[in-house]
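Visitor: Hi, I'm new to this one. Could you walk me through a few spots?
Guide: Sure, ask away once it's up.

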Amino acid sequence: MNIPDATRAQAQDLLAFIDASPSPWHAVDTCEARLTAAGYTRLDEAERWSLKAGDRRYVVRGGSSIIAFIVGSQPAATTGLRLIGAHTDSPGLRLKPKPAEDNAGMVRLGVEVYGGPILATFADRDLSLAGRVNVRVPGGFESRLIRFDEPLLRLPNLAIHMNREVNESGLKFNKQTELPLLLGVSEDGVKAEARFREPIAAKLGVEPGDLLTWELNAYDTQKGALWGVDREFVANSQLDNLASCHAALSALLATQAPAATCLCAFFDHEEVGSESATGAGGSFVTDVVTRLAACAGLDGEDQRRMLARSFFISADMAHGWHPNFPAAYEPCHRALVNGGPVIKSNANQRYSTSAETAARFMAICEQAGVPCQQYAHRTDLGCGSTIGPIVASRLGIPSVDVGSPMWAMHSIRESAGVLDHGYMIAAMTTAFAH
Ligand code: CO
C-alpha cells in the first residue's frame, strides 16, 4: 500500500495530538496551543466581542469545550457558516471525589465509569492520572491541569486459575467492587487519603490540604503507534473522537481568507448525552453563532438568511468492517478501514444525515479527490448517536454525520487507518471552502 509522505506526517501529527491530550481539558489546551501558534487569539465569553473579516479567534467554555473560527470575507447573510463539530471526551474511568481507600494493606482509588468504555480493555494497562485539580489560593481557588507521565495506577487482571471461564464468558468487572485502581501499598500510620494527595500536591507545588476538588481520568500512558505491514494503521487511545478534532482543526488551520465564516466546535460530554452547559446540548454553539451575527451587524432577518445558507458537518468516528466479526455488520454497508470518510445514515435520526446532505458531502469528497463510503447500522442492533442531531436541531441548519472508520470503538486502545485520516482532512478543508 502506497502512503504519501504528507499523509504519513498527518497520521504522526494525530498521534502526537492525542498523546498531548490525555483528558478533555488537555485536548482543549492542545487545540489552544495550536490555534495561538497560528495567530488565533482568545475571546472571553464575559466580555463584549468585536469582529471583522479575516479575524481568527477562539472561545473556551468550562475548560473542556472550544469553538474556533475565522471570519469570512463575504457577508454572512449571503454565504452562511461552515461548521464542523466533534467531541473532546472519551469513555473511561473517572476518580470519585473521595477516591482513596485502604483495603487490607493496599491503597485503591474508587472510580466512576464515564460513558460506555469496554472495561476489560482497561485491565493490565500502564495507567496514570490526567485532568484538572482545583487548589486553594489566597482569596479563592485556581484550576490547574495535571498529568502524570509515569504509570501510577493499574487494574490487574484476575489470574485464569481463579477465573476459568474468562475465555468463554468474557472478562467482567463488578463496577463498584472490582474496578478500583491499585495505587500502592499502604504504609503504617499514613492514611490512604494522604498517599493519594501527596503526589498530586508535589506535582502542583502546593500543600496536600490545599487540594480542594478534581476531575481526573485514568489514562493509558502507552504512546500512539503506527502498525500493519505497510504501517497503514494507527493505534492509540481516544481516536474516538480526538481524530475528528485533529482533522477539523488541521482543516481550519489550513484555511486562509475564506469567503464564508468557518468554525470548529468541539464539545465535552458527548459520551454521556451532551446535556450540560459545555456539551453540544447546551447553549455554547448558539451563543457563539448569535454573537458572530451580532458582530456582523445582522438583523433578525439576515441572521435567519445566514443560518439557511449554512452547513454543519458532525464528525465522529465510524465502525470499520472487522473481518473476524462479519455477523456484526449490515452486509450492504461495510465501511472499510482506509476506504475513505464514512457518511452515517439512520432513518430514526440517530444521525443527522439526510439524502440531500449526504449528496452534498459526496460532492465535497469528489471535489477533494477522496473516496467516500456509506454506513448504516444493522437493523436488529441499537444504533449509537452523535452531536449531529443535537446541534442540527438547536441551529436548524442542514447537517451530515460523517467519520473515519475505526476498530474497537471505546476500547482504551482503538485503531484506524492512516489514509482515512488524510482523506478526512482533505474533505474538511474542501468543505470549509465549499
Ligand atoms: Co464518538
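Visitor: Is helix α10 largely enclosed or open, and why?
Guide: This is a predicted model. In it, helix α10 covers residues 388–395, and six of its eight residues are buried, so the rest of the structure largely encloses the helix.

Visitor: Which residues of α10 are buried?
Guide: They are Gly388, Pro389, Ile390, Val391, Ala392 and Leu395.

Visitor: And what do those pack against?
Guide: Both strands and helices: β4 (81–87), β13 (261–267), β14 (311–315) and β18 (399–403), plus α7 (284–295) and α8 (300–308).

Visitor: What comes just after α10?
Guide: Gly396, with a positive phi of about 70°.

Visitor: Switching topic: where is Thr357, and is it buried or exposed?
Guide: Thr357 is part of helix α9, residues 355–368. It's buried, with a relative accessible area of 6%.

Visitor: What does its side chain reach?
Guide: The side chain of Thr357 gets to the backbone oxygen of Ser399 at 2.9 Å. Beyond its neighbours within four places in sequence, Thr357 also has Phe311, Pro398 and Val400 among its contacts.

Visitor: Now the cobalt ion. Which protein donors does it have?
Guide: His87 gives NE2, Asp240 gives an OD atom, and Asp316 appears twice with OD atoms; they lie 2.0 to 2.7 Å from the ion. Asp240 sits in helix α6 (residues 239–253) and Asp316 in the loop between β14 and β15 (318–319), 76 residues apart, so the pair links distant parts of the chain.

Visitor: Are those two aspartates buried or exposed?
Guide: Asp240 and Asp316 are both buried.

Visitor: Why is the arrangement around the cobalt ion irregular?
Guide: Because the four donor atoms subtend angles of 52 to 138°.

Conventions
Residues numbered from 1 in each chain as written. Predicted model: local features only at pLDDT ≥ 70, side-chain atom pairs only at ≥ 80, totals over all residues. Heavy atoms only, no water. Buried < 20%, exposed > 50% of the residue type's maximum accessible area, 1.4 Å probe, protein only. Helix = DSSP H or I, 4+ residues; strand = E, 2+ residues; numbered from the N terminus. Contact = heavy atoms within 4.5 Å. Polar contact = N/O pair within 3.5 Å; in protein donor to acceptor, adjacent residues only side chain to side chain. Donors = N, O, S within 2.8 Å, 3.2 Å for Na, K, Ca; no water. Tetrahedral: all angles 85-135°; square planar, octahedral: opposite > 155°, others 65-115°.
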